[in-house]
Amino acid sequence: MIRLATEKDAEQLLLLNEAFNGKGLTTPDDIKQSLSQNPREVVVVAEEGEDVVGFVCVQIKSSFCYQDDLAEITEVFVAPEYRRRKLAGKMLAYAEEYCMRQYQIHEFALLTGRDNHAAQALYRSRGYREEDEMFMTKIVPLFLSKKSVIYRQN
């Protein structure tokens, strides 16, 4: 089943996110708080039986610089043992439809790896096209105290 994530999914979402992005500082309580208090994020999950086996995250972006909001798909992940069942495409379709209905979104954007050909094929099959832009990042220290500095992991 494809559906919106709920707070009850927090533990399983944490495990999936760690499998996808690596272990971090996020806790199940952080996920619960985000799901319940962040109206600009849409999280869709794929459920098989009692297990959450994949997720899609969408951030709704607003700016005075642009007339309309933009939806950025920031995460698409399906546990390896559940791949090749079209779950990622179904979650994307659900997320797109939901964002169009709830936020009147008519433009979606995403970033994927240059060598991630399976993801690129999925996105192209959903109507996404490649843009000729460069993506850049900068890592800045997180200051916890005057004596300690932690750098965010990418």
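# Salt bridges, cysteines, rings and a pocket

Colleague: Is Arg126 buried, exposed or partly exposed?
Modeller: Bear in mind that this is a predicted model. The relative accessible area of Arg126 is 32%. Buried needs under 20% and exposed needs over 50%. Arg126 therefore counts as partly exposed.

Colleague: Which residue meets the side chain of Arg126 in a salt bridge?
Modeller: A salt bridge needs a side-chain nitrogen of Lys or Arg within 4 Å of a carboxyl oxygen of Asp or Glu. For Arg126, the N to O distance in its salt bridge is 2.4 Å. The other side chain in this salt bridge belongs to Glu96.

Colleague: How many residues apart in sequence are the parts that Arg126 and Glu96 tie together?
Modeller: Arg126 sits in the loop between helix H4 (117–125) and strand E6 (141–143). Glu96 belongs to helix H3 (residues 87–103). Glu96 is buried, at 7% relative accessible area. The pair therefore ties together parts whose separation in sequence is 30 residues.

Colleague: What is the N to O distance between Arg124 and Glu130?
Modeller: Arg124 is partly exposed at 47% relative accessibility. Glu130 is exposed at 56%. Their side chains meet in a salt bridge, with N to O at 3.5 Å.

Colleague: Which residue forms a salt bridge with Glu131?
Modeller: Glu131 is partly exposed, with a relative accessible area of 46%. Its partner is exposed, at 64%. The closest N and O atoms are 2.3 Å apart, and the partner is Arg129.

Colleague: How many salt bridges does the count come to?
Modeller: The count includes the pair Arg126 and Glu96. There is also a network of salt bridges that links Arg3, Asp9 and Glu47. The count comes to nine.

Colleague: How many disulfides are there?
Modeller: A disulfide needs two cysteine sulfur atoms within 2.5 Å. The cysteine sulfur closest to that of Cys57 is in Cys99, 11 Å away, so the two are too far apart for a bond. Cys57 is buried at 10% relative accessible area, and Cys99 is buried at 0%. The disulfide count is zero.

Colleague: What kind of aromatic pair do Phe20 and Phe55 form?
Modeller: The count comes to four aromatic pairs. In the pair of Phe20 and Phe55, the rings are 6.5 Å centre to centre, with 80° between the planes. Planes over 60 degrees apart have their own class, so this pair is edge-to-face.

Colleague: Which strand does Phe55 lie in?
Modeller: Phe20 is in helix H1 (residues 10–21), and its pairing with Phe55 ties together parts 35 residues apart in sequence. Phe20 is partly exposed at 35% relative accessibility, whereas Phe55 is buried at 3%. The strand holding Phe55 is E3 (residues 51–61).

Colleague: Which residue joins Phe20 and Phe55 in one aromatic cluster?
Modeller: Phe20 and Phe55 are already an edge-to-face pair. The cluster has one further member, Phe77.

Colleague: How many residues line the second largest pocket?
Modeller: This pocket has a volume of about 1300 Å³. Among the lining residues nearest its centre are Arg129 and Glu131, which form a salt bridge. Strand E4 (70–78), strand E5 (108–110) and H4 each give two or more residues to the lining. The number of lining residues is 32.

Colleague: How many residues of the lining of the second largest pocket are charged?
Modeller: Asp, Glu, Lys and Arg count as charged. The lining has 10 nonpolar residues and eight polar ones. The charged residues number 14.

Notes:
Residues are numbered from 1 along each chain as its sequence is written. This is a predicted model: local features need pLDDT of at least 70, side-chain atom pairs count only at pLDDT 80 or more; totals for chains, interfaces and linings use all residues. Side-chain values use heavy atoms; hydrogens and water are left out. Helices (H or I, at least four residues) and strands (E, at least two) are DSSP runs, numbered from the N terminus. Buried means under 20% relative accessible area, exposed over 50%, partly exposed in between (1.4 Å probe, protein chains only). Rings of Phe, Tyr and Trp (its six-membered ring) pair if their centres lie within 6.5 Å; planes under 30 degrees apart count as stacked, over 60 as edge-to-face and the rest as tilted. On a 1 Å grid over the protein atoms alone, a cavity is a set of points where a 1.4 Å probe fits but cannot get out, and a pocket is an open set with protein on both sides within 12 Å along at least five of seven lines; lining residues have an atom within 4 Å of a point. Grid points are joined across faces, edges and corners, and a volume is the space filled by probe spheres set on the points.
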